[in-house]
Amino acid sequence: MSITVYGFWRSIASFRIRVALKLKALPFEEISVDILQGEQFKPGYDAVNPEHVVPTFIHDGHSLYQSLAIMEYLDDIKPSPRLLPDDIKERAYARSLALMTIADAHPLTVPRVRKHLAKAFGAETKAIEEWAAHWTTEALAAYERFLARRAPAPFALGKDVGLADICIAGQVVGAQYLKVSLDAFPLVKGLSDRCFALPEFLSSHPFEQPDYKTSGVKH
Ligand SMILES: N[C@@H](CCC(=O)N[C@@H](CS)C(=O)NCC(=O)O)C(=O)O
């Protein structure tokens with residue numbers, strides 16, 4: 001089986017795929033697409049992913065897009081360990097938690113949105129950072145409220161780490177970029193600490209990626 005991921009160190013969606021593949025113990029090669037330098041718009045990458053985003057996932061020559069679809073596909077091709085629970089109500093709840101970042105919060109902070117805020121509305125760098133910090137904080141607060149209703153035991157859906165945890169941990173990575181404090185979100189922080197105690201999460205962290213280490217960017 002051959003798996004290639006087009007990703008980027010800073011991409012939270014690429015982080016999600018990296019963790020999922022490592023939890024499944026599926027070997028993969030990651031090709032870096034520098035979305036801060038606009039490589040996602042180059043003709044070579046347009047041929048790979050016409051949406052001009054990362055990640056793109058290629059399994060034995062078959063291309064897939066969108067981290068949620070990719071993670072569900074991984075459960076289909078390698079059912080154990082599961083990222084989504086078997087129980088249909090639990091599975092839908094895991095997707096619900098996942099989509100709070102994938103669909104609601106994370107898209108508001110990606111480079112194309114930041115660029116448009118600057119170009120169309122003249123937003124300064126500081127204002128754009130505040131925008132991103134605002135939506136990140138809103139997402140963390142929503143997760144905190146959900147985790148308060150159903151305490152992690154020890155992970156969001158129970159004893160097994162899975163899709164929801166990957167997505168919440170990714171949102172915490174976004175908070176780290178923006179220096180958003182987790183002090184007001186102790187349940188999110190606890191969950192994320194438990195995730196990053198696992199080698200699959202730690203080694204997938206953006207600051208652990210080879211393209212970060214050679215980028216010259218300092219966080
Ligand atoms: N919903 C997509 C996210 C895709 C996405 O927006 N990726 C970002 C990086 S996390 C990107 O490539 N952005 C490029 C841009 O905004 O120009 C997924 O979950 O895979």
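Let's start at one close contact: an oxygen atom of the ligand lies 2.6 Å from an N or O atom in the side chain of Ser67. Keep in mind that this is a predicted model.

Two other residues also place a polar atom by a ligand oxygen. Arg16 does so with a polar side-chain atom, at 3.0 Å, while Pro111 uses a backbone N or O atom, at 3.5 Å. Here are these contacts side by side:

| Residue | Part of the residue | Distance to a ligand oxygen atom |
|---|---|---|
| Ser67 | side chain N or O atom | 2.6 Å |
| Arg16 | polar side-chain atom | 3.0 Å |
| Pro111 | backbone N or O atom | 3.5 Å |

How much of the ligand does the protein bury? Taken alone, the ligand exposes 520 Å², and 95% of that is buried by the protein. As for its place in the model, the ligand sits in the largest pocket.

Now look at the residues around it. The ligand has 17 residues around it, and those that come nearest are Gln40, Val54, Gln66, Ser67 and Arg112. Ser67, then, is both one of these nearest residues and a polar partner of a ligand oxygen. By kind, the shell divides into 10 nonpolar, five polar and two charged residues.

Where in the chain does this shell come from? Helix H1 (12-23) and helix H5 (111-121) each supply at least two of its residues. H1 gives the largest share, with three residues. Seen by domain, at least three shell residues come from domain 1 (3-81 + 204-213), and at least three from domain 2 (88-199). Both domains therefore take part in surrounding the ligand.

Notes. Residues numbered from 1 in each chain as written. Predicted model: local features only at pLDDT ≥ 70, side-chain atom pairs only at ≥ 80, totals over all residues. Heavy atoms only, no water. Near = heavy atom within 4 Å. Polar contact = N/O pair within 3.5 Å; in protein donor to acceptor, adjacent residues only side chain to side chain. Areas by Shrake-Rupley, 256 points an atom, 1.4 Å probe, with all protein chains shown as cover. 1 Å grid on protein atoms, 1.4 Å probe; cavity = no way out; pocket = protein on both sides within 12 Å on 5 of 7 lines; lining within 4 Å. Sits in = over half its atoms within 2 Å of the grid points. Helix = DSSP H or I, 4+ residues; strand = E, 2+ residues; numbered from the N terminus. Nonpolar A, V, L, I, M, F, W, Y, C, P; charged D, E, K, R; others polar.
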